[in-house]
Amino acid sequence: MKDNFSRDSHLYAKYRPTYPSALFTYIFSLLETKDQAWDCATGNGQVATQLAKEFQIVEATDISASQVEQAPKLAHIHYSIQPAEQTKFEKDQFDLITVAQAIHWFDFEKFYAEVNQTLKPNGILAVIGYGLLSISLEIDHIIHHFYNNIIGDYWDEERKYIEENYETIPFSFEEIKTPKFEITYEWTAEDLLNYLNTWSAVKHYEKEKNESPLLLIQQQLKETWGVKRRKVAFPVLLRVGKKKSFSA
């Protein structure tokens, strides 16, 4: 798994979107028991903190120590630095395994082997993410130009899975059809620029050119923004499944 997010982890914690409570209410409704959960690639712990409201124990793992340092330290959450594909967890340990905005970085085959090892027979795997935001026709045009033409060559190859709404990732589980969810905010232009500054392609561009690509759009973006705050919407990506049972 690539680590694109240790640098500027405090910005990631502050400006990355958080998922709606309705999403977790839905996921929790699918569970038979809520003893232990594993939030894989927990980052700054935003999903783990939601799981801690329902579970007795939440194991939250990541490969980035600096990301985990930004996470809330709650009694029910045990943080550890472990890769997604090789953990120290026990067989049939978890009722729920979540991975949010990260599975596209994984070795799918090895991660799914770990899921099948550690998930209870009727446990749930929830793969969560969010796609490209939308605001207005004019502002979306600026963002799409920035995304495709200015930093387009700086995206990692794995970004394609998000662009394809996680529909093309391998998914060897008994899939459950899910409802649609959306993340919404009321943002200023500065909020948007701070969020765009967390994109991995922006960091790759900065590393190569030693300057921020946001300088190329920030003036136009602020002039087009107009009002103080605008509604910003992210589509939630969601694949949910149960571990397949194999009869002898």
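I began with a definition: a residue is buried when its relative accessible area is under 20%, exposed when that area is over 50%, and partly exposed in between, using a 1.4 Å probe and protein chains only. By that rule I entered Pro179 as partly exposed, because its relative accessible area is 38%.

Before going further I noted that this is a predicted model, in which local features need pLDDT of at least 70 and side-chain atom pairs count only at pLDDT 80 or more, while totals for chains, interfaces and linings use all residues. I also noted that residues are numbered from 1 along each chain as its sequence is written, and that side-chain values use heavy atoms, with hydrogens and water left out.

**Entry on Pro179.** I placed Pro179 in the loop between β6 and β7 (182-187), where helices (H or I, at least four residues) and strands (E, at least two) are DSSP runs numbered from the N terminus. I then looked up Tyr26, which is 153 residues from Pro179 along the chain, and found their C-alpha atoms separated by 8.7 Å.

**Entry on aromatic rings.** How many aromatic pairs does the structure hold? I found 26, where rings of Phe, Tyr and Trp (its six-membered ring) pair if their centres lie within 6.5 Å, and planes under 30 degrees apart count as stacked, over 60 as edge-to-face and the rest as tilted. Trp155 and Trp199 form a tilted pair, with 5.3 Å from centre to centre and 55° between the planes. This pair links distant parts of the chain, 44 residues apart, since Trp155 sits in the loop between α6 (137-150) and α7 (160-163) and Trp199 in the loop between α8 (189-196) and α9 (200-209). I recorded both Trp155 and Trp199 as buried.

Tyr185 and Trp187 form a stacked pair, 5.3 Å centre to centre with 20° between the planes. Tyr185 is partly exposed because its relative accessible area is 23%, whereas Trp187, at 8%, counts as buried. I saw that ring pairs join these four residues into a cluster that also includes Tyr19, Tyr130 and Phe234.

I also noted that Arg159 lies over the face of Trp155, at 4.5 Å from the ring centre; a charge sits over a ring if NZ of Lys or CZ of Arg is within 6 Å of the ring centre and within 35 degrees of the ring normal.

**Entry on helix α5.** In α5 (residues 108-118) I found Phe108, Phe111, Tyr112, Glu114, Val115 and Thr118 buried. Seen down the axis, these buried residues fall within an arc of 155°, so they line one face of the helix; the arc is that of the directions from the helix axis to the C-beta atoms. On the other side of α5, Glu109 and Lys110 are exposed.

**Entry on backbone angles.** Most residues other than glycine have a negative phi. I therefore looked up Asp92, which has a positive phi of about 55° although it is not a glycine. Asp92 lies in the loop between β3 (77-81) and β4 (94-100) and is partly exposed, with a relative accessible area of 29%. Gln101, also not a glycine, has a positive phi of about 55° too, and I found Gln101 in the loop between β4 and α5. Is Gln101 buried or exposed? Gln101 counts as buried, because its relative accessibility is 8%.
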